[in-house]
Amino acid sequence: MEDLQKLENGIISGIAAQDTLTGLEDLRVAEVGKKGHVSLLMRELGKMTAEEKKEFGPKLNGLKTRIMKEIAARKDELEAQELNRRLQSERIDITLPSPSENSGSIHPITQVMDEVAEIFTELGFSIAEGPEIEEDFYNFTALNIPPHHPARQMHDTFYFPEDEAGNRKLLRTHTSPVQIRTMMSGPPPYRIIVPGRTYRCDSDATHTPMFHQVEALVIDKDIHMGHLKWCIEEFCRKFFDLNDVKIRFRPSYFPFTEPSAEVDIGCAFKDGEILIGEGDDWLEIMGCGMVNPRVLENVGLDPDEYQGFAFGMGLDRIAMLKWGIPDLRDFFAADLRWLKHYGFAALDIPSLSTQKSGGRSPRDRGSSSSPKGGRPPINKNSGSK
Ligand code: PHE
């Protein structure tokens, strides 16, 4: 029998020298595994006399136990080291200093959408959405604009190629199809707003091929034009932060509302600037009306039981008005200088609820400091986009 003390010392220093878990496991198998060194020694006990067994049996057992203990301790050490190494290398240092200048900003359209949503949700509206790639049925037919109706020409529609069945999808030309989708998805009453992107083949200083609208739809029993008028006035008062905002309803025509009106907001054109709430001029901001009974019939509602109103407002337009932004095309030019000037810092969003307590007022970023020299090219009554 070899010198057990020497053997033990050798194995113990071998264990301490292992610096990987796999190396340690190999050593365990080689020393105390089934066919390991120590196990082989134990087998030799069988050949010994009873006297020798008495002496070597407990010695070998003790040796094995100590080695196993030593291996377990080294294993714990190596595992802890491995965990520490991972914690170090996978650590996210949230104490890194932020860049000295905040580079991102909230786009004025996003800001307007948030403000519009805030005002209408406070009035009890919920927010609905619909697809931008729309079917003819929802965008036109169900809204009482049948094929070959002249009103289709007003919309400068972007069409997709025909499918095998001869149907052409289109980019929605307004948010009104979501009126139909909402009414077909469940029973009344409805009180929704629909902010979103809309598309028409049109481009100049006040029209871009993609623009934004917010639709409103209210359907219930006994809804009348007074409700429509109040809602719009209340919205303008809150959005433009003016108590005595002047609103004018001009008779108009939309196939899906009857009667229909366009809404103008009172303003002054002074030194190339538009001032809301002053003067004797007017600017169109939306189309509206009582939902046409034929639209209600198209979605299976009884117009004698349910009525309501709808309106569609150009979000880009009201953003231009509120912050004196002169050219609509700049909204979508992705010019960082423009965004820096007109965007809102992410942590400084002038929410309507905070505006009165020190937030930015609408004309703080007036067109006089605009990159285009402050000449707002918005024409009076130039379309509901
Ligand atoms: N959809 C109309 C447009 O885009 C606006 C509108 C909506 C008018 C709802 C009346 C009612 O011009």
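A residue counts as buried when its relative accessible area is under 20%, and with that cut-off in hand the reader can begin with helix H8 of this predicted model. Helix H8 spans residues 225-239, and its 15 residues reach 21 Å from the first C-alpha to the last, close to the 21 Å expected at 1.5 Å a residue. Within H8, the buried residues are Leu 228, Cys 231, Ile 232, Glu 234, Phe 235, Cys 236 and Phe 239. The cover over these buried residues includes helices H5 (108-122) and H10 (315-323), together with strands E7 (247-254), E8 (257-270), E10 (281-291) and E11 (307-314). After H8 comes Asp 241, whose phi is positive, near 55°.

A second place to look is Thr 175, which lies in the loop between strand E4 (169-171) and helix H7 (177-184). Thr 175 has a relative accessible area of 0%, and is therefore buried. Leaving aside neighbours within four places in sequence, Thr 175 is in contact with Val 194, Gly 196, Thr 198, Gln 213, Val 214 and Glu 215; with the last-named residue, Glu 215, the side chain of Thr 175 makes a polar contact, side chain to side chain, at 2.7 Å. Thr 175 and Gly 312 are 137 residues apart in sequence, yet their C-alpha atoms are 7.3 Å apart in space.

Finally, helix H1 (residues 4-17) packs with helix H4 (residues 50-89) at an angle of about 10°, their axes being 10 Å apart, so the two helices H1 and H4 are roughly parallel to each other. Among the residues making this contact are Leu 7, Ile 11 and Ile 15 of H1 and Leu 60, Leu 63 and Ile 67 of H4. By class, the contact of H1 with H4 has eleven nonpolar and five charged residues, and no polar ones.

Notes. Residues are numbered from 1 along each chain as its sequence is written. This is a predicted model: local features need pLDDT of at least 70, side-chain atom pairs count only at pLDDT 80 or more; totals for chains, interfaces and linings use all residues. Side-chain values use heavy atoms; hydrogens and water are left out. Axes are lines fitted to C-alpha atoms, for helices over the stretch in contact, and angles run from 0 to 180 degrees between N-to-C directions. Helices (H or I, at least four residues) and strands (E, at least two) are DSSP runs, numbered from the N terminus. Angles under 35 degrees count as roughly parallel, over 145 as roughly antiparallel, 65 to 115 as roughly perpendicular and the rest as oblique. Contact means heavy atoms within 4.5 Å. Ala, Val, Leu, Ile, Met, Phe, Trp, Tyr, Cys and Pro count as nonpolar, Asp, Glu, Lys and Arg as charged, and the others, Gly among them, as polar. Buried means under 20% relative accessible area, exposed over 50%, partly exposed in between (1.4 Å probe, protein chains only). A polar contact is a pair of N or O atoms within 3.5 Å; within protein, one must be able to donate a hydrogen and the other to accept it, and residues adjacent in sequence count only if both atoms are side-chain atoms. The expected span of a helix is 1.5 Å times one less than its number of residues.
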